[in-house]
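This report describes the contact between two chains and the enclosed spaces found in the structure. The sequence and the model are shown first.

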Amino acid sequence: MGIISVEQTDRLYWLGRYSERVYTTIRIFSSHYDTMIDEIEESYGEYCTKMDIPNIYTSSEDFLKKYCYDEEDPNSLISNLMRAYDNAIVLREEIGSETLSYIQLAVYALNRAKVSEAPLIEMQKVLDDILAFWGIADDSISDENVRNIIKVGKRIERIDLFGRLHIDREDMLREVHRLVGRVPRTQMKYNKLGLERLNLLAEAPQLDYYGIVCQVEDII
Amino acid sequence: MENMGMDLDLYDHTDTVNELLARYGVKFGIYKNQVFKEQLFPFDAIPRVIKKNEFDFLEKGLKQRVMALNLFIKDIYSEKKIIRDKVIPEEFVYAGGGYLAECENVMPSKGIYSHISGIDLVQGKNGEWYILEDNLRVPSGASYPMIARDLCRRSSPRTFHDHHIVDNRDYAQLLRKTMDFVNTGGHSVILTPGRFNAAYFEHSYLAEKTGAHLVNGSELIVENDHLYYMDYTGKKEKVGVVYRRISDEYLDPMTFNHESVIGIPHIFDIFRKGNVALMNAPGNGVADDKGIYYFVPKMVKYYLGEEPILQNAPTYLPYYPEDMKYVLEHFDTLVMKDVAEAGGYGVVFGSSMTKKEKEDFITLLKAEPRRFIAQEVIDFMDIDIMEKGEMLPRKADLRAFVLMGEEPMVWHSGLTRFSRNPDSFIVNSSQGGEFKDTWVLSQ
């Protein structure tokens, strides 16, 4: 087993988080984009509320342009993907060139979407690349700790997003159980009591989504 | 390339190889108007081809040169016999920016100073090879032909099946062998200044391929006269060798530039005590200064008692009155180089100056003769490049890599850089240069 520094741990964790953020937000964005084509053009406001991001957009056209491709907008898809890239690019020797290449391919695909008449087709490729990234990370990274840290980042981000999106209890419970099993395997310092509390919140008959979002951010 | 011909299947795959290079993040960083940008390093699939007997000759010459350079550095920081014997004037040693007084009487692990030497050569139209420059500090570039070869073999297996080409993907093993030889006991690390360094791709790729840890200064700590790498659980692991890709001045803020935030405090102290190996050793700049270059053939004779196998490009030192006279008389046919500059900067061609520029330059040359060298402009042998499906001749140089472990090892490949601009002799990647693979034939 190799040595992983504090800085690398941080980067692995955030690589997991940002890759998940891009993946889940593109999936949700895609369904809203579909609505905006010919049904409710202004539905981006509802999307912003759901995603808990400020609605700084002046029209659906402005939203589609800035939310997807504006690197100055910290909530945009490209900003989140570039944060994943920024973390991945400095982890080549930990995750390997092959694994890293899928994040690079996702960046190229999103940049192609910017000039495409049918951006969702290219965004589908971004999703494919992220899925491939997770697959190869699981398959080829030999250091178990490295894999576990990325997965913990991914799970925490997913629970956070599921909490904001008021996702079904069963889906939430599955994700929380996965996280509970994974965190101790990272050897990272974590909030044991917080993890137990999160589990209780997820197992409650009525989900306290706000409580879950707050709690999951307090684990690592 | 004589002439493996237009039939090479590989040429049809140039775009594929470039797409794969982009996929694997083969880039270099540059600062334009103080903004950092990552750029792809464009690849031309027509290789430079060096025949076996020709490379055998180069290999002998390169080993000889690097051995002499290592002996020179050792001598300068200890006995200084070469100065006492008046082979090299002392002002050329001490006035250049590369000499570091802090390195006096410091003996690196196994007595090796330049573990990785990047020697730049050009081939003249007469077929002769000339050394243009020695790079003994942090020479970069091996990773590019290394990964390009891997991708070319994937794209065009037939090319590599049909021709006898030495596999160059052993560079990482040579590097690892070099690191292991000088390792004082502990982990091997590659020290990078970080993501925004021009050669960051190379740092991370070599770490991956050698199995060394890629680290930055903040991840290493000197304690109890040893160097440690701290992991996230708080455990400290001893480090035995640092392949550092940061300049001397930033290596240790306690010894060199006090404002450095990318170095490791006190690393030079434990290097001096022999508790860690630094590759390359600090202070090597004393031997790769453009002014010192003039004296390398003399070093070969002095230290090895041999005639130099490889020649320098004809060079003049305006410091010597007879050379100054020659330079002034032949100004328009020479290229002038500022010894303090690198990366293709500070290079001016007499033929391309206006009358005013020439007058100003000569005034400067007379005021600071030590600052410049002048060289004959070598009529490079052209190498074909592919442009829009057409083969066109262009100027190209070759950076050969010599690794010094138990014995000198010459990598059977090299970085061939060229300029797409037909009028340019400047091939540096930072100035728009592109690259090719270098094939050494095995028979």
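## Interface and cavities

In this predicted model, chain A and chain B bury about 2,200 Å² between them, with 51% of that area on carbon and sulfur atoms. On the side of chain A, the residues that lose the most area to chain B are A:Ile3, A:Arg92 and A:Glu93, which together account for 32% of what that side buries. The contact draws on 27 residues from chain A and 28 residues from chain B.

Polar interactions also cross this contact. Between chain A and chain B there are 19 residue pairs in polar contact, both residues being at pLDDT 80 or more. Several helices of chain A give two or more residues to the side that touches chain B: helix 1 (6-38), helix 4 (77-89), helix 5 (92-95), helix 6 (97-114) and helix 8 (144-164). Among these, helix 6 of chain A provides the largest share, seven residues. Sorted by class, the side of chain A that touches chain B comprises 11 nonpolar, 11 polar and five charged residues.

Two salt bridges are found across the interface of chain A and chain B. One of them pairs A:Asp86 with B:Arg195, whose closest N and O atoms are 2.7 Å apart.

The enclosed spaces are considered next. A search of the whole structure yields two cavities of 30 Å³ or more. The largest has about 110 Å³ of space. It is lined by 14 residues, of which A:Ile89, B:Lys27, B:Glu38, B:Tyr200 and B:Phe201 are the closest to its centre. Residues of both chain A and chain B are thus named in this lining. Three elements of chain B, namely strand 1 (27-32), strand 2 (35-40) and helix 8 (200-210), each supply at least two residues of the lining of the largest cavity.

The second largest cavity is lined by B:Tyr77, B:Cys103, B:Val106, B:Pro108, B:Tyr113, B:Phe271, B:Ala281 and B:Pro282. The table sets out the volume and lining classes of each cavity.

| Cavity | Volume | Lining residues by class |
|---|---|---|
| Largest cavity | about 110 Å³ | six nonpolar, four polar, four charged residues |
| Second largest cavity | about 30 Å³ | eight nonpolar, no polar, no charged residues |

The lining of the largest cavity therefore includes charged residues under the class rule, in which Asp, Glu, Lys and Arg count as charged, whereas the lining of the second largest cavity has none.

Technical notes: Residues numbered from 1 in each chain as written. Chains lettered and ligands numbered in written order. Predicted model: local features only at pLDDT ≥ 70, side-chain atom pairs only at ≥ 80, totals over all residues. Heavy atoms only, no water. Contact = heavy atoms within 4.5 Å. Buried area = accessible area lost by both parts, 1.4 Å probe. Salt bridge = Lys/Arg side-chain N within 4 Å of Asp/Glu carboxyl O. Polar contact = N/O pair within 3.5 Å; in protein donor to acceptor, adjacent residues only side chain to side chain. Helix = DSSP H or I, 4+ residues; strand = E, 2+ residues; numbered from the N terminus. 1 Å grid on protein atoms, 1.4 Å probe; cavity = no way out; pocket = protein on both sides within 12 Å on 5 of 7 lines; lining within 4 Å. Points joined across faces, edges and corners; volume = space filled by probe spheres on them.
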